[in-house]
Amino acid sequence: MKQTTDFLKMKENNEKIVMLTAYDYPSAKQAEEGGVDVILVGDSLGMVVLGYDSTIPVTLDDMIHHTKAVKRGAKDTFILADMPFLTYHLSVRDTLLNAARLIQETGAHAVKLEGADDVIEKITALTRAGIPVCSHLGLTPQSVGVLGGYKVQGKDVQAARKLIEDAKKCEEAGAFAIVLECVPKQLAEEVAQTISIPVIGIGAGVAVDGQVLVYHDILGYGVNRVPKFVKQYHAVNPFMIESIQAYAADVKNERFPEDKHSFTMKEQELKGLYG
Ligand code: KIV
Ligand code: NA
């Protein structure tokens, strides 16, 4: 299993870091078998697994519940878990207690926090307490209300400069990596070259230190439309629906179960049963 220091070495050696989300036992098992470097238990689970419109309704208990299942499915992979909405804003003390639960109750290796500004002191405190932190900059979905939608970030000089400064602050505060979401590829490259911790991109071009995507998006599982930055490797949804339709038709037409799916009672016992 890779550690936070390995990710730093991978950046130095120009070896890309592969991150993928997982939310339960089977997806975690598949991610591990698929050879990802990091499994992210993203709060995107609110949208792709729980059916909410955003990540805002996701609770710490939701994250703990799902991260435990992921850990059972991927015992040999580095697991990063998202701190959900408003669990790292009230105070340093609350942040430490919430992160401690997320780590201790699940066996996750690190936590991810969106934003810089007021979050910087939380990154410092967590790192000092021994909890590795991954930052998340650019499009930060927990702030969708303030950002005014899911839009590309850092498109003008001022916003781009702020993003570079924020990345530096996260590094100084002790973050071991930064997830950078939905920013122009040139800006993402600049950030990756400016700081020495790995930058994991999503919708951030190829000139960064690794990539992360959502499990359901790359598989076309349960999702109808995927964002521009997603590469969908298969569309499993039609196969799953076809399987369910075939099962339903088989039941209606008595094509299922067949004899091979059925249990048989011995002739002698049958006689006894019928008297
Ligand atoms: O929740 C999530 O899946 C994420 C990734 C999109 C980076 O934060
Ligand atoms: Na997230």
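The exchange below takes up a few residues of this predicted model and asks what lies behind the words used for them.

Reader: Why is T106 called buried?

Author: T106 has 21 other C-beta atoms within 10 Å, and the word buried applies from 20 or more, so T106 counts as buried. T106 sits in the loop between helix 5 (92-104) and strand 4 (110-114).

Reader: Which residues is T106 in contact with, leaving aside its neighbours within four places in sequence?

Author: Those residues are I64, T67, K68, K71 and A81, each pair having C-beta atoms within 7 Å.

Reader: What makes L86 partly exposed?

Author: The count for L86 is 13 other C-beta atoms within 10 Å; a residue is exposed at 12 or fewer and buried at 20 or more, and because 13 falls in between, L86 is partly exposed. L86 belongs to the loop between strand 3 (78-82) and helix 5, and its phi, near 60°, is positive although the residue is not glycine.

Reader: Is C182 buried or exposed, and how do you know?

Author: C182 has 22 C-beta neighbours inside 10 Å, set against a threshold of 20 or more, and therefore C182 counts as buried. Its place is the loop between strand 6 (177-181) and helix 9 (185-194), and its phi is near 55°, a positive value in a residue other than glycine.

Reader: Why is a positive phi pointed out?

Author: Most residues other than glycine have a negative phi.

Reader: What kind of peptide bond joins F256 and P257?

Author: That bond is cis, with omega about -5°, and P257 is in the loop between helix 11 (237-252) and helix 12 (267-274).

Note on methods:
Residues numbered from 1 in each chain as written. Chains lettered and ligands numbered in written order. Predicted model: local features only at pLDDT ≥ 70, side-chain atom pairs only at ≥ 80, totals over all residues. Helix = DSSP H or I, 4+ residues; strand = E, 2+ residues; numbered from the N terminus. Contact = placed C-beta atoms within 7 Å.
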